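Visitor: Before we begin, could you take me through the reasoning behind the terms used for this structure?
Guide: Gladly; here it is, and we can go term by term.

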Amino acid sequence: MSSIEESIIYQGKRTTSHYHYGELSEEIIEKIQWYNIVSEYEIIVVDELEELTSYFPYKINTKDLVNASDYAKLEKGSYVLKEGYVEELDREILGAIFPIKGEDGLIGFIYIYVPLAAIQDVFRESIPLLLIVGSLFFFILFLIINRAWRSLFNPLRQLQQFSTEVSKGNYQNRIAVEREDEIGQLANAFNSMSESLKQQEERKKEFTSNIVHELRTPLTYIGGYTQALKDKIYSSPEEAESYLSTIEKETGRLNKLINDLVELNHLQGDLYVLKREPIALAQIVLDTLHLFHVRIAEKGLHLETIIEEDIVIIGDAQRIQQVFYNVLDNAVKYSTKSGKLLVHLKEDGQFVEFIVTNEGISIATEDLQRLGERFFRTDKARNRTTGGSGLGLSIVKEIVRLHGGTFTITSDPVTGTTVNIRINRTPTEQKDGMSNE
């Protein structure tokens, strides 16, 4: 209705605008009547307003077509809308009367109206087409929305289902990601989390297995030899003394394992506060090398040292020596007989580098990434000759971290295995867990 009303007003204003201040000649009237033929509207043109009743002798809503207030409004040049039911035509009509002004006043009127029932009939004929087009539209819209819905919520539904599985300890499920929006990023994050939890679970099981293995061996020796001494199953005092020595040795191993675990937990949890003091690194390296003098000589290693003697850093001397000791201990232990052992201490800007290279069995690439994890050892057989619990390098990594440094290992069958430790010369106090004690 609003659209029809706007169209009538537009057509009326456009028609009357051509004849302002002119004469309503026969030629003009003929043009308007011709427009009446080609237009979808009914158009009546008269010289006097009273003549409208002869062309449109009907009442709208039982009222005359034009009243006194309408005439006053038309004299001012405004149009008058007419809408209502015509009993003779048995339909609603919508129209408007427009004044045509001349130089001396009103020279005519145009009445444009449209029978609404006819429009409804046309609309009624279009209903089947509208139903078909509308049904097709909503079917296509349903397919699009359904596809979008599944694309949006299927990953979320999978995510909810797989999250429940993760809470039960199943980390095998992965969400297929075929999109790069926020949902795809969420699915990728879930997949990464599941993979991380899976690896963590595997390492936890491996850790439990390792600690059981490490504890079982000394406990077995202690229990067995204690029972032998209790039952006096020995042939001589010397054999009994040997049993006692073994018990003492295994007790020491067990005690060291427990102490290392406690120490590592303190370091990883930042519970240990490093003492902050100036350290002459060259002296600590030389003192530590002196502790390995006998073992180096027994293996016939060719020791080569390149040490810058004036290097001073701020840190914990006892912990730094522990780092050097653990690294040199592994380097000597796993060196081939009569091989080379290179120890290099140098400055590198704000950092100090401690580099140890030995000639020995190379380390597999997949093992290099895991060196420094608790109980991880490259000698899977855990040979008691080499000993060790796999905690030494873990402690080294944590001490280096607390000193604001980095710990890296490279291994090659030709050049050997190299441990590179970079330590910040003046690490920050609070961030790195240091104090001025």
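Guide: Contact means heavy atoms within 4.5 Å, and angles run from 0 to 180 degrees between N-to-C directions. The model itself is predicted. With those terms in hand, helix H12 (residues 392–402) lies across S11 and strand S12 (416–424), and runs at about 135 degrees to S11.

Visitor: What makes S7 and S11 the edge strands of their sheet?
Guide: Five strands form this open sheet in the order S7-S9-S10-S12-S11, with mixed pairing. Strand S7 (302–307) and strand S11 (406–412) each pair on one side only, and they are the edge strands. Neighbouring strands of this sheet are turned by 10 degrees against each other on average, with direction ignored.

Visitor: How do you know that S7 and S9 pair, and in which sense?
Guide: Two strands pair if there are at least two bridges between them, and S7 and strand S9 (residues 340–348) have six bridges, in the parallel sense. The criterion is therefore met. As an example of residues facing one another, isoleucine 306 stands opposite histidine 344 in S9.

Visitor: Why are H8 and H10 called oblique to each other?
Guide: Helix H8 (residues 281–291) packs against helix H10 (residues 317–333) at an angle of about 45 degrees, with the axes 10 Å apart. Angles under 35 degrees count as roughly parallel, and 65 to 115 as roughly perpendicular; the angle of about 45 degrees belongs to neither range, and H8 and H10 are therefore oblique. Their crossing is right-handed.

Visitor: Which residues make that contact, and how do they divide by character?
Guide: On the H8 side they include Leu281, Ile284 and Val285, and on the H10 side Ile320, Phe324 and Leu328 are among them. The residues of the contact of H8 with H10 divide into 10 nonpolar, two polar and one charged.

Visitor: What is the pairing in the sheet S1-S4-S3-S2, and which strands are at its edges?
Guide: The four strands form an open sheet with antiparallel pairing, and strand S1 (42–46) and strand S2 (80–86) are the edge strands, since each pairs on one side only. The twist averages 20 degrees from one strand to the next. Between S2 and strand S3 (residues 91–102) there are seven bridges in the antiparallel sense, and the bridge partner of valine 80 in S3 is isoleucine 97.

Visitor: Which strands does helix H4 lie across, and at what angle does H4 run to S2?
Guide: Helix H4 (residues 68–75) lies across S2, S3 and S4, running at about 150 degrees to S2.

How values were computed. Residues numbered from 1 in each chain as written. Predicted model: local features only at pLDDT ≥ 70, side-chain atom pairs only at ≥ 80, totals over all residues. Heavy atoms only, no water. Helix = DSSP H or I, 4+ residues; strand = E, 2+ residues; numbered from the N terminus. Parallel < 35°, antiparallel > 145°, perpendicular 65-115°, else oblique. Left-handed = near helix turned anticlockwise from the far one by under 90°. Nonpolar A, V, L, I, M, F, W, Y, C, P; charged D, E, K, R; others polar.
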